[in-house]
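Work through the exercises below with the model open. Try each task before reading its solution.

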Amino acid sequence: MTPSFAPPFRLSDPPSRNDEDVDLAVKTKPRTQRPPLYKVLLLNDDFTPMEFVVHILERLFGMTHAQAIEVMLTVHRKGVAVVGVFSHEIAETKVAQVMELARRQQHPLQCTMEKE
Ligand code: TYC
């Protein structure tokens, strides 16, 4: 016989299931938001010297000389190539840097960005 002063539960009892104390069975999956990425594209033209494009790819896009030649030739043959993928702000900066260096040398080189 349970003595009348004993609590109506023990710590070892399973969690109670009365209306105020029910774990919600609905779980919201934590979703990590990734910022959108942007492709930086280099366009071909007939006038910008190949060496200038190679220089741009090495200096602004961190390519080795061999990589830069390969990518430059891809642009030359196909008309366009992705030269990097970045956050919006970095992509904008890269495009502006390419356009500024080309403008200073009076080359018609074009560089654009588009959402991936
Ligand atoms: N087509 C240019 C030439 O023959 C070379 C070139 C390559 C220009 C890539 C732009 O994005 C470019 N001199």
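Helices are DSSP runs of H or I, at least four residues long, numbered from the N terminus. The model used here is predicted.

**Exercise 1. Find the salt bridges within helix 3.**

Task: Which side chains does glutamate 100 meet in salt bridges, arginine 103 and which other?

Solution:
- Step 1. Locate helix 3, which covers residues 88-104.
- Step 2. Take glutamate 100 and arginine 103. Their side chains meet in a salt bridge, at 3.0 Å from N to O.
- Step 3. Check the spacing. Glutamate 100 and arginine 103 are 3 residues apart in the helix, so about one helical turn separates them.
- Step 4. Now take arginine 104. Its side chain also meets that of glutamate 100 in a salt bridge, at 3.4 Å from N to O. These two residues lie 4 residues apart in helix 3, about one turn of the helix.
- Step 5. Put the pairs together. Glu100, Arg103 and Arg104 are linked in a network of salt bridges.

**Exercise 2. Sort the network by exposure.**

Task: Is glutamate 100 exposed or partly exposed? Ask the same of arginine 103 and arginine 104.

Solution:
- Step 1. Recall the cut-offs: exposed means over 50% relative accessible area, buried means under 20%, and partly exposed is in between.
- Step 2. Glutamate 100 has 30%, so it is partly exposed.
- Step 3. Arginine 103 has 53%, so it is exposed.
- Step 4. Arginine 104 has 55%, so it is exposed too.

**Exercise 3. Follow a salt bridge between strands.**

Task: Which residue forms a salt bridge with glutamate 114?

Solution:
- Step 1. Recall the general idea: side chains of opposite charge can pair when their charged atoms come close.
- Step 2. The partner is lysine 39, with the closest N and O atoms 3.3 Å apart.
- Step 3. Place both ends. Glutamate 114 is in strand 3 (residues 110-115), and lysine 39 is in strand 1 (residues 38-43). The pair is 75 residues apart and links distant parts of the chain.
- Step 4. Judge the exposure. Glutamate 114 has a relative accessible area of 38%, so it is partly exposed. Lysine 39 has 23%, so it also counts as partly exposed.
- Step 5. Check the total. The structure holds 3 salt bridges.

**Exercise 4. Describe a surface patch.**

Task: What kind of surface patch do Leu37, Val82 and Val85 form?

Solution:
- Step 1. The patch is nonpolar, and the three residues together have about 210 Å² of accessible area.
- Step 2. Look at valine 82, which lies in strand 2 (residues 80-86).
- Step 3. Valine 82 has a relative accessible area of 41%, so it is partly exposed.

Definitions and conventions. Residues numbered from 1 in each chain as written. Predicted model: local features only at pLDDT ≥ 70, side-chain atom pairs only at ≥ 80, totals over all residues. Heavy atoms only, no water. Patch = residues over 30% accessible without salt bridge, like charges linked within 9 Å, V, L, I, M, F, W, Y side chains within 5 Å. Areas by Shrake-Rupley, 256 points an atom, 1.4 Å probe, with all protein chains shown as cover. Salt bridge = Lys/Arg side-chain N within 4 Å of Asp/Glu carboxyl O. Buried < 20%, exposed > 50% of the residue type's maximum accessible area, 1.4 Å probe, protein only.
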